[in-house]
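Hi everyone, thanks for making the time. I'd like to walk you through one model today, so let's put it on the screen.

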Amino acid sequence: MIHRITFFYFFGATIMKIDISFSKVWVNALISVMDEHGIDGLMVVKESGVQIEALQEPTALYPVDVMNTLWQTAAKYLIDSGYITNRHQFGIDVAKKVNLSDFGVLTFSMLASSNIAASLSKFAHYVNSVSSTYCLGLMNVGDSYQVVIRSSALVDSVTTESIYAMNALIVRLVRFLG
């Protein structure tokens with residue numbers, strides 16, 4: 001039984017920058033949050049330089065710099081319009097719009113796991129396989145687990161909003177699986 005989950009963040013030096021970063025799951029969730037608040041999410045996505053055509057691809061991934069621009073632009077629109085007061089809440093709101101079934105077979109695999117730790121381990125493996133943005137780890141410390149989230153050494157930076165979104169998504173996963 002997991003008694004406590006602790007989050008650690010490590011953001012360090014950049015070695016090099018690579019292109020592939022964020023899953024389209026985040027783009028769709030961002031669009032949903034903006035649309036919910038009366039802002040044309042698709043317009044904001046286009047303005048940020050995201051290739052709309054790629055949203056039709058099931059495995060679409062987006063460059064870090066384009067996604068950072070999208071996160072920042074969307075947050076600015078929502079703050080300027082008065083719908084949100086801080087960027088942290090925006091990240092949490094976006095995570096609420098991620099449908100766990102968007103992860104396809106991974107969701108079924110996590111549900112079939114014998115415990116939450118095994119499920120989170122599968123999620124961490126998935127994130128580390130498809131994303132160059134985060135490195136996700138799960139450490140067993142006595143009767144608790146620590147989720148370690150750090151930016152990849154392969155990227156310059158990630159937005160605060162996306163960090164909060166990843167945290168909120170992990171909390172949602174734990175609640176869903178628990």
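**Aromatic pairs and what surrounds them**

I'll begin with the ring systems: the count comes to 5 aromatic pairs in this chain. One of them is tryptophan 71 with phenylalanine 90, an edge-to-face pair with 5.8 Å centre to centre and 75° between the planes. That pair links distant parts of the chain, since tryptophan 71 sits in helix α3 (residues 64-80) and phenylalanine 90 in helix α4 (residues 87-97), 19 residues apart. Please keep in mind throughout that this is a predicted model.

Are these two rings buried or exposed? Both tryptophan 71 and phenylalanine 90 are buried. They also have company, as Trp26 joins Trp71 and Phe90 in one aromatic cluster.

Now let's step out to the core. The largest nonpolar core has 52 residues, and helix α7 (residues 160-177) gives the most to it, with 9 residues. Which residues have the most contacts inside this core? They are Trp26, Val27, Leu30, Phe90 and Phe123, so you'll recognise two members of the aromatic cluster there, Trp26 and Phe90.

Let me pick out leucine 30 from that list. If we leave aside its neighbours within four places in sequence, leucine 30 is in contact with Met67, Leu70, Trp71, Ala74, Phe90 and Val94. Both rings of our edge-to-face pair, Trp71 and Phe90, are among those partners.

Next, the outside. Phe108, Leu111 and Phe176 make a nonpolar surface patch of about 340 Å². Leucine 111 is found in helix α5 (residues 105-111). Why does leucine 111 count as partly exposed? Its relative accessibility is 44%, and the partly exposed class lies between 20% and 50%.

Finally, the chain as a whole. How many helices and strands are there? The chain has 7 helices and 5 strands, and from the N terminus on they run β-β-α-α-β-α-α-α-α-β-β-α. Of its 178 residues, 46% count as buried. The accessible surface comes to about 9,000 Å², with 55% of that belonging to carbon and sulfur atoms.

One more number for the contact-map fans: take the contacts between residues at least 6 apart in sequence, and 67% of them join residues at least 24 apart.

That's my tour, and I'm happy to rotate the view for anyone who wants another look.

Technical notes: Residues are numbered from 1 along each chain as its sequence is written. This is a predicted model: local features need pLDDT of at least 70, side-chain atom pairs count only at pLDDT 80 or more; totals for chains, interfaces and linings use all residues. Side-chain values use heavy atoms; hydrogens and water are left out. A nonpolar core is a set of buried Ala, Val, Leu, Ile, Met, Phe, Trp, Tyr and Cys residues joined through side-chain atoms within 4.5 Å. Buried means under 20% relative accessible area, exposed over 50%, partly exposed in between (1.4 Å probe, protein chains only). Helices (H or I, at least four residues) and strands (E, at least two) are DSSP runs, numbered from the N terminus. Contact means heavy atoms within 4.5 Å. Patches are made of residues with over 30% relative accessible area and no salt bridge: like charges are joined within 9 Å, nonpolar side chains (Val, Leu, Ile, Met, Phe, Trp, Tyr) within 5 Å. Accessible areas come from the Shrake-Rupley method with a 1.4 Å probe; for residues, only the protein chains shown count as cover. A salt bridge is a side-chain nitrogen of Lys or Arg within 4 Å of a carboxyl oxygen of Asp or Glu. Rings of Phe, Tyr and Trp (its six-membered ring) pair if their centres lie within 6.5 Å; planes under 30 degrees apart count as stacked, over 60 as edge-to-face and the rest as tilted.
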